[in-house]
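Work through the exercises below with the sequence and the model side by side, and try each task before you read its solution.

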Amino acid sequence: MALTLDEAVAQLGHRLSPKRRSAATRLRRLADPTAGPSLLEALQREVRDVRTWETQYQIVMALGMCGHRPALGLLRELAQRPFKATAVYVALGDAIVRLSSSEDTSDSLRWCLDSGTPLLADGALRAVAMQRLSPDAATIDYVLDFLGPMDPYDGLRFWAAAAAAGWTGPRVGDFLQECAAGPRADVAGAAASSLQRKYQTYATL
């Protein structure tokens with residue numbers, strides 16, 4: 001049986017990392033704001049052990065899904081640390097955008113793009129796509145300027161292409177046409193859907 005909210009919160013303190021990871025994954029699915037403080041405490045403990053990066057990933061994602069904004073400061077700090085397991089940056093970028101207020105979303109997205117960490121940018125763009133956000137025109141141009149010089153094979157284009165189903169502006173159509181004609185099947189597929197103003201459902205780790 002699936003863990004209840006209380007059981008999952010309690011299991012965040014289990015001595016085994018797979019158990020803690022299972023608890024965090026469950027809390028991510030439940031997306032209950034009341035789990036936020038416990039998840040933040042768990043992350044503060046978890047980041048001391050570089051071996052448990054998969055658990056860290058799930059805790060960060062759970063914090064984003066639970067909407068626990070007090071975690072934002074720690075997440076931004078962690079985003080500037082070196083992680084050997086770079087997948088953690090994806091979760092950090094995703095959660096940073098999710099936890100930003102509607103007024104700050106564009107600033108947070110730009111912050112992630114400017115970080116110099118590609119996977120942080122990838123996570124931020126993923127959050128924009130998964131939440132079907134439509135940034136202001138200046139931020140859309142900023143994203144397109146960021147992606148423009150990249151190789152057509154670069155996977156960073158994927159989430160922007162997926163998100164652009166709801167974007168407007170003179171450059172969006174050109175960007176999507178370029179992606180749809182590009183060499184990566186995943187990017188091309190996302191762009192083709194967005195050209196038809198259709199959002200797709202995408203699974204995330």
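**Exercise 1: two helix residues**

Ser-17 belongs to helix H2, which covers residues 17–30, where helices (H or I, at least four residues) are DSSP runs numbered from the N terminus. The structure is a predicted model, in which local features need pLDDT of at least 70 and side-chain atom pairs count only at pLDDT 80 or more, while totals for chains, interfaces and linings use all residues. Residues are numbered from 1 along each chain as its sequence is written, and side-chain values use heavy atoms, with hydrogens and water left out.

Task: decide whether Ser-17 is buried or exposed, and find what Ser-17 touches; then do likewise for Leu-74.

Solution. Begin with the cut-offs: buried means under 20% relative accessible area, exposed over 50%, and partly exposed in between, with a 1.4 Å probe and protein chains only. Ser-17 has a relative accessibility of 15%, and therefore counts as buried. Next come the contacts (heavy atoms within 4.5 Å): leaving aside residues up to four places away in sequence, Ser-17 touches Glu-46, Thr-52 and Thr-55. Leu-74 is placed in helix H5, residues 72–79, and because its relative accessibility is 17%, Leu-74 is buried. With residues up to four places away in sequence again left out, Leu-74 touches Leu-40, Leu-43 and Gln-44.

**Exercise 2: rings around Phe-158**

Task: describe how the rings of Phe-158 and Trp-159 are arranged, and say why the pair of Phe-158 and Tyr-202 is classed as edge-to-face.

Solution. Start from the rule: rings of Phe, Tyr and Trp (its six-membered ring) pair if their centres lie within 6.5 Å, and planes under 30 degrees apart count as stacked, over 60 as edge-to-face and the rest as tilted. By this rule there are four aromatic pairs. In one of them, Phe-158 and Trp-159 meet edge-to-face, at 4.8 Å centre to centre and with 75° between the planes. For Phe-158 and Tyr-202, the ring centres are 5.2 Å apart and the planes stand at 80°, so this pair is edge-to-face. Since Phe-158 lies in helix H10 (residues 157–163) and Tyr-202 in the segment after helix H12 (185–195), the pair ties together parts that are 44 residues apart in sequence. As a last step, add the accessibilities: Phe-158 is buried at 13%, and Trp-159 is buried at 9%. Phe-158, Trp-159 and Tyr-202 form one aromatic cluster.

**Exercise 3: charges over rings**

Task: find which ring lies under the charged end of Arg-76, and which ring Arg-110 lies over.

Solution. A charge sits over a ring if NZ of Lys or CZ of Arg is within 6 Å of the ring centre and within 35 degrees of the ring normal. The charged end of Arg-76 sits over the ring of Trp-111, at 4.4 Å from the ring centre. Arg-110, in turn, lies over the face of Tyr-142, with 4.5 Å to the ring centre.

**Exercise 4: a distance through space**

Task: state how many residues separate Leu-74 and Leu-125 in sequence, and how far apart they are in space.

Solution. Count along the chain to begin with, which puts Leu-74 and Leu-125 51 residues apart in sequence. Then go from C-alpha to C-alpha, where Leu-74 and Leu-125 are 20 Å apart in space.

Conventions:
Helix = DSSP H or I, 4+ residues; strand = E, 2+ residues; numbered from the N terminus.
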